[in-house]
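Got your viewer open? Let's take a short walk through this one, with a few selections to make along the way.

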Amino acid sequence: MIRKIYLYDKMPEKLEENGIPIIDWKDLPEITRSLNNYFSFYGNYLLNGNNVKKIKKEKYIKAFTENRTYQYFRIKSVKKNLSGISITALHIGYEANRNFIQNAYVATGNGKQIMNALKSNLVLDQPFLYESDVASYHQFTAKQVNPIDAIIGSNNGNQNLASVCDAELDMDNYTLTLKERIGEDNGFRIDFGKNLASIEETVDDSAIVNRLFLVGGVPEDTDYNVEQTPVTFGYLSVSGITEENVQIAKRENSECKTVEELKKWGQSLFDNDRIHEPKVTHEVDMVVLENTLEYQNTYQKIASLRLGDTAYISLKNLDIQVQERMIEYTWYPTLSKYKSVVLGNDLEMYTSSIETQVNSVKKKLETRSEELINAVNNATQWITGNKGGYVLLDPKDAPRRILIMDKPNAADAKKVWQWNVDGLGYSSTGINGPYGLAMTRDGSIVADFVTAGILSGILVQGNVIKSIGDGSYYQSVMSNGKFMIEQYKKTDSVDYSKPNWEDSVHGAEIGGFVGTYGDGKANGSAILNFPGYIFSINQSNNNGGSVPVFQIPADSTKDKPKYNLFGDGTLQGDINIKGNFYVNGVKIDTNGGGNTGGGDTGWNGQYPPEVTSDRDKRYWQIWAMAIGAGFSKQAAAALLGNAQGESDANPTADESNGAPGFGYGVWQWTDSSGANSGRVYMINLMTRAGVTDDPDTITAQFKLLMWHAPNGQWIATSSYPYSWTQFMTLTDINTAAQAFVSNFERPLNSHPERSTWAQEWYDKFVNLGIPSGGGGYIAPISSPITVTSEFGWRTSPITGAQEFHNGIDLVNGNPNTPILASGDGQVVSAADPGYFDWYGNWTVIKHADGMYTGYAHQSRVDVAVGQNVKQGQQIGLMGTTGPSTGEHCHFQFMDEFYPSSSAHFHNARDYIKF
C-alpha cells in the first residue's frame, strides 16, 4: 500500500485532515529519527511535478512514520538540483523551540511537574502539550533558553532535562513527552551471523569493567569524633571471568552504608548499566537485508522494532549476547518500510546516565499538600501542649513511662498517650487501654486510621485499603486485587477477629477495576459496571461539572449491554458492524457490498455512429461507463435522468460561480456545511477516494460516484429500501430514477420529471452497441466466460473490507483451463515468490504498446522471465494459489510494471469485450 504525503499552507485545526497529495517524487522520501536528537524529513521532488510551485519554505508536510501515525514536519529548505528540488523539513515538535524561557526553576519535582514549569514560563502561547511519565524527583533550572534546547540541547551550558532525569523526549505532533524510555522490551532475539554484508558491526571493548572494587559511605553508627573509614568490598565479578580477560575498576557510592548495600548497588551496575559488555553498534541496511533470502527471518524481526525498542543480539565473533536498542532509523514513509536502522547499547551521546543516577539518589521529596500541612500543624499543637494536656512521669524520680493525659489525675483521664521503652501508644478509654494507635520498638504500627503525606516503602500489605470521608456519596476500596467504587459506608472501627469483618468496610458495589481469569490462571483485566448504575467517561467543564463522552446507561445488563457516545469523533481503521445501523432513525443497509466502483469502468473513448452531438456524447459516456460497471440498462438510464436534472450532464456546471455551499459537476456535489464551494468539496472527496483523474471530467466524476455512494452518501429510505448494489440491478426505470433522487440526492422537493427523462435516454441508447475498445487483445481463457468480480471498488471476499480490485476475475467452468497470453509480448515476471502473498503464481507480460497484462492465482506457470510469447499461447493453468476463494483467473491491465497508484490500473473491458 502506497502511503501519501500531504502538503499544507498552514497547520490544520484538525490534524487528521488531509492536505494536497504530493506524489511526483524523483526519489523515495525519507524520515530520519534519532533518540533525543533529530527528527527530520527529506525528499527530492520532480522539477515538472504537478505541485512543484506550491512547495515552499515554511509550509507543512504530513507523512506516515514508523510508529504507525501521521506526523507533521515544517519545511526548512527547498533547493533546486539537476533533477528536482530537495526538501528538508523538521518535525513540528521543533517549532516549540521558537519560544523562549526566561527563568524556570523547580527545587524538587517529577517529570510532569518540571515539564509544566517549562510550559508555564514560556513567552509565547503555543498549542504544544508538555507531558512526562518520569516518576523520580529532581531539581532543574532552565534560564534564558529555548524549550527544546532546555530538554535535550545545551540548556545554556547547564545539564539538560533529559540528562538530569535519565529520560528521552518523544515527539507526537503537538505533544512533547519526557519519557523514562521510548520503546519496549518484547524479548526479541536476533542472530546476525558472520560476514553479513548488509550489517556493519562496530565493537568497542576498551571501557569494559567486569570486576569491581567498591567503596561506600561511612556506616550510620560510627563515632564521628575519630577518623572514619568508609565501607569497602573487593571484589565483585560477573560470572566466567578469568585472569586472561579480567578488567578491574573502582566504583564509589557514598549512599551505601553497609557491605550488603554496596554489593547490591555494584550488582546493579552489571545488571542494569551492563558495564561488563562492550559498546556495540549495528548499522543495518534494511533494503539489502530484505532482498537477502536466507535472512528473511532476521529482516522481519528488525522490521517489527520501533524506535527505542530492545533487542538481544548474538555476537558470533565474540560468542556473547548483548542488549541493544534501536537508537536511529531512516524510514520510507510512502512504502512504510525502513531504509536503515541503527542498533546499539552506547546511549551516552543522548543522556548522561551516571550523573543522573547520582542526582536522583540525592533528591528528596519536600512538598506537601495543604491538607497534610494542616494535619502536621494540628499534631504540632497537640505535642507542644498548645491545645492543653497534663504530663505525668511514672514513677516521678526514675520514670519507666511518660503519660500525656486530658485530666490531671490518671484515674480520671480518658485520652492518654503513653511512651515507654517498648513503644508509643494512644488510648481513648483511659490509662489501661486498649491502645488502638501504637508504634512499637519492633517497627510495627497499629492504627485504625492513618493521616499521611508520603508513604515510602516497597509493600503495603493488608486485606482492605479504603478512602473515607463523612458525607460522601461513595467510597473507593482496594481489596483482594480489586479496586471498587461503592456506596459510602461509614467505618469507625474494624474488629478483625470476626469472620465477617469486611461487612463493616464495604458498601454496595457500583463499579470498579478487576483482574480476570480463565483456565485457572490470570488472563487480563476489566472495568466493571453494575446494573442500575451509570458508568461514564466525562469531559470536565473546569467548574465542578462535566458531560459524558462515553456512557454505559443504568439499564444496561449482562444479557443486553448498552452504551452511548456523545460529541464529535473519529474512528480509524475498518469498522465491522454486526447488526442494524441507523442514521437519524433511518436504517442503513450494506450500501454497496460487492459492487464495483472507481477505476475506468468501461469507458473507451468511442461512440456509436448514431451519437454525434456533444450533448449526446456526454450522456453516452455515462451510459457506457455504467454498463461497464455492471448496471442494468434501466439503472444506467436513471443516472442519465438525474444527471439531466442536476447539470445536463455537464462536468463543469457550477451552481453559483464558486460560492460556498452550492453544487458543482454532473451530480452537483455540495458541501452541506457551507464551508467550501462545490468544486473544492468534490475535489476533497476525490482525494479521499483516490481518484487522480482531471476532476472536471465525466470519467473522474463517475469514479467518484462509484466510491461516494457506497461510502456514506447512499442512504436507503423506507420508500426506496434498496442498497446501492440493489439499485444497480433495478429493472424498472421509474423506480430506479426515484430511488436515486431519494437515496443519493435527497432534495427538498420531489422530481417526477427525472423518470420521464430517464425513459427518453433509455429509448435512445438501449439498442445501440458499445464499440470495442480495440488494442488487439484477446481474452486469457476460452469461452464461455463468466465475470465473477468486476474491476474497481468492492467488498473483499476474504477480509470483508472495502478494497480496490485492480483486475477482473474470470471463470469458464473448467477449474484447470489453460491461461492464454492476451497479446504478443515478453514475460517480465513468472512465479515470483515475492508476489505469492498477493497474487499466488503470477505472470506479467509486457506488450509493444507499453501496456502490461497480469495473470494471477495460476496452479502452474509454463513460461519464464525473458521469454517471448505469442497471442493465444498457453502460459499456465487456472488455479487458486495465493489469497483466493476458488479457482479463477485474476486478469489485469497496467501501464506500469510496478503501478505507483490505482490510476495506473485499467479495466480489461476497455480492451476486450466480455
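Start by selecting leucine 437, which sits in strand E26 (residues 437–440); helices (H or I, at least four residues) and strands (E, at least two) are DSSP runs, numbered from the N terminus. Leucine 437 counts as partly exposed because its relative accessibility is 33%, where buried means under 20% relative accessible area, exposed over 50%, and partly exposed in between (1.4 Å probe, protein chains only).

A quick note before moving on: this is a predicted model, where local features need pLDDT of at least 70, side-chain atom pairs count only at pLDDT 80 or more, and totals for chains, interfaces and linings use all residues. Residues are numbered from 1 along each chain as its sequence is written, and side-chain values use heavy atoms, with hydrogens and water left out.

Now add Ile402, Ile404, Trp417 and Trp419 to Leu437: together they make a nonpolar surface patch of about 450 Å². Strands E23 (401–405) and E24 (416–420) each give two or more residues to this patch. Patch members have over 30% relative accessible area and no salt bridge (a side-chain nitrogen of Lys or Arg within 4 Å of a carboxyl oxygen of Asp or Glu); nonpolar side chains (Val, Leu, Ile, Met, Phe, Trp, Tyr) are joined within 5 Å, like charges within 9 Å. Areas come from the Shrake-Rupley method with a 1.4 Å probe; for residues, only the protein chains shown count as cover.

Next stop: residues 792–795 and 802–805, strands E39 and E40, which run antiparallel and are joined by 4 bridges. Strands pair if DSSP finds at least two bridges between them. Pick tryptophan 793 and you'll find its bridge partner, phenylalanine 804, in E40. The two strands form a hairpin with 6 residues between them, and glycine 800 in the turn has a positive phi of about 80°.

Finally, zoom out: the protein chain has 16 helices and 50 strands, and 40% of its 914 residues count as buried.
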